[in-house]
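Trainee: I would like to go through this structure one question at a time. Please show your reasoning before each answer.

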Amino acid sequence: MVTKHVLKGLPADADLRRADSLAREIFSDVANKWAFLIIEALGERTLRFSELRNEVEGISHKMLTQNLRMLERNGLAVRKVHPTVPPRVEYTLTEPGRALRATVDAMCGWTHQYLGHIEDARSRFDA
């Protein structure tokens with residue numbers, strides 16, 4: 001018999017261990033390389049779509065659009081359309097997005113710190 005443990009004081013929607021958890025859905029949304037790189041690129045700045053695409057090397061137009069929509073849907077970024085021809089669209093992180101950026105910055109720092117270790121481990125494993 002499998003029983004699910006509920007964390008004390010935590011609503012079911014916030015329990016990452018539950019398959020039907022909203023928190024797991026949000027985690028899945030933001031825990032991808034493109035979202036991390038977009039959040040890092042935006043930082044404290046406001047950038048246009050084309051500027052973001054230039055900042056995040058290798059991202060396709062489609063992936064940038066999908067990830068920006070996801071960030072906007074989750075309230076982590078705001079999109080502002082200026083009524084010009086052609087329309088000028090800008091993106092900025094919200095307060096929760098800036099708070100998430102601290103975690104993204106920590107992940108980037110971890111990557112830089114352990115990059116050599118990971119490369120060595122991969123070489124040993126692949127040998």
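The questions below deal with the core, some single residues, one peptide bond and a surface patch of this predicted model.

Trainee: Which helix gives the most residues to the largest nonpolar core?

Mentor: The largest nonpolar core has 23 residues, and Ile 38, Leu 42 and Leu 52 are among those with the most contacts inside it. At least two residues of this core come from each of α2 (33–42), α3 (49–55), α4, β3 (88–93) and α5. With six residues, the element that gives the most is α2.

Trainee: Leaving aside neighbours within four places in sequence, which asparagine is in contact with Ile 38?

Mentor: Neighbours within four places in sequence are left aside here. The contacts of Ile 38 then include Leu 52, Val 56, Ile 59 and Leu 64. Leu 68 and Leu 71 are also on that list. The asparagine on it is Asn 67.

Trainee: Is Asn 67 buried or exposed?

Mentor: Asn 67 has its place in helix α4 (residues 61–73). Its relative accessibility is 5%. Buried means under 20%, so at 5% Asn 67 counts as buried.

Trainee: Which backbone oxygen does the side chain of Asn 67 reach?

Mentor: Leaving aside neighbours within four places in sequence, Asn 67 is in contact with Asn 32, Trp 34, Ala 35 and Ile 38. The backbone oxygen in question is reached by the Asn 67 side chain at 2.9 Å, and it belongs to Met 63.

Trainee: How far apart in space are Val 89 and Leu 47, C-alpha to C-alpha?

Mentor: Val 89 lies in strand β3 and counts as buried at 15% relative accessibility. Leaving aside neighbours within four places in sequence, its contacts include Leu 47, Phe 49 and Val 81. Val 89 and Leu 47 are 42 residues apart in sequence, while their C-alpha to C-alpha distance is 8.4 Å.

Trainee: What form does the peptide bond from Val 85 to Pro 86 take, cis or trans?

Mentor: Most peptide bonds are trans. Pro 86 lies in the loop between β2 (77–82) and β3. The bond from Val 85 to Pro 86 has omega near -5°, and its form is cis.

Trainee: Why can Met 107 be part of a surface patch, and what is the accessible area of that patch?

Mentor: Met 107 is found in helix α5 (residues 95–126). Patch residues need over 30% relative accessible area, and Met 107 meets this cut-off because its value is 39%, which makes it partly exposed. Together with Trp 110 and Tyr 114, Met 107 forms a nonpolar patch with an accessible area of about 300 Å².

Key: Residues numbered from 1 in each chain as written. Predicted model: local features only at pLDDT ≥ 70, side-chain atom pairs only at ≥ 80, totals over all residues. Heavy atoms only, no water. Patch = residues over 30% accessible without salt bridge, like charges linked within 9 Å, V, L, I, M, F, W, Y side chains within 5 Å. Areas by Shrake-Rupley, 256 points an atom, 1.4 Å probe, with all protein chains shown as cover. Salt bridge = Lys/Arg side-chain N within 4 Å of Asp/Glu carboxyl O. Helix = DSSP H or I, 4+ residues; strand = E, 2+ residues; numbered from the N terminus. Buried < 20%, exposed > 50% of the residue type's maximum accessible area, 1.4 Å probe, protein only. Polar contact = N/O pair within 3.5 Å; in protein donor to acceptor, adjacent residues only side chain to side chain. Contact = heavy atoms within 4.5 Å. Core = buried A, V, L, I, M, F, W, Y, C linked by side-chain atoms within 4.5 Å.
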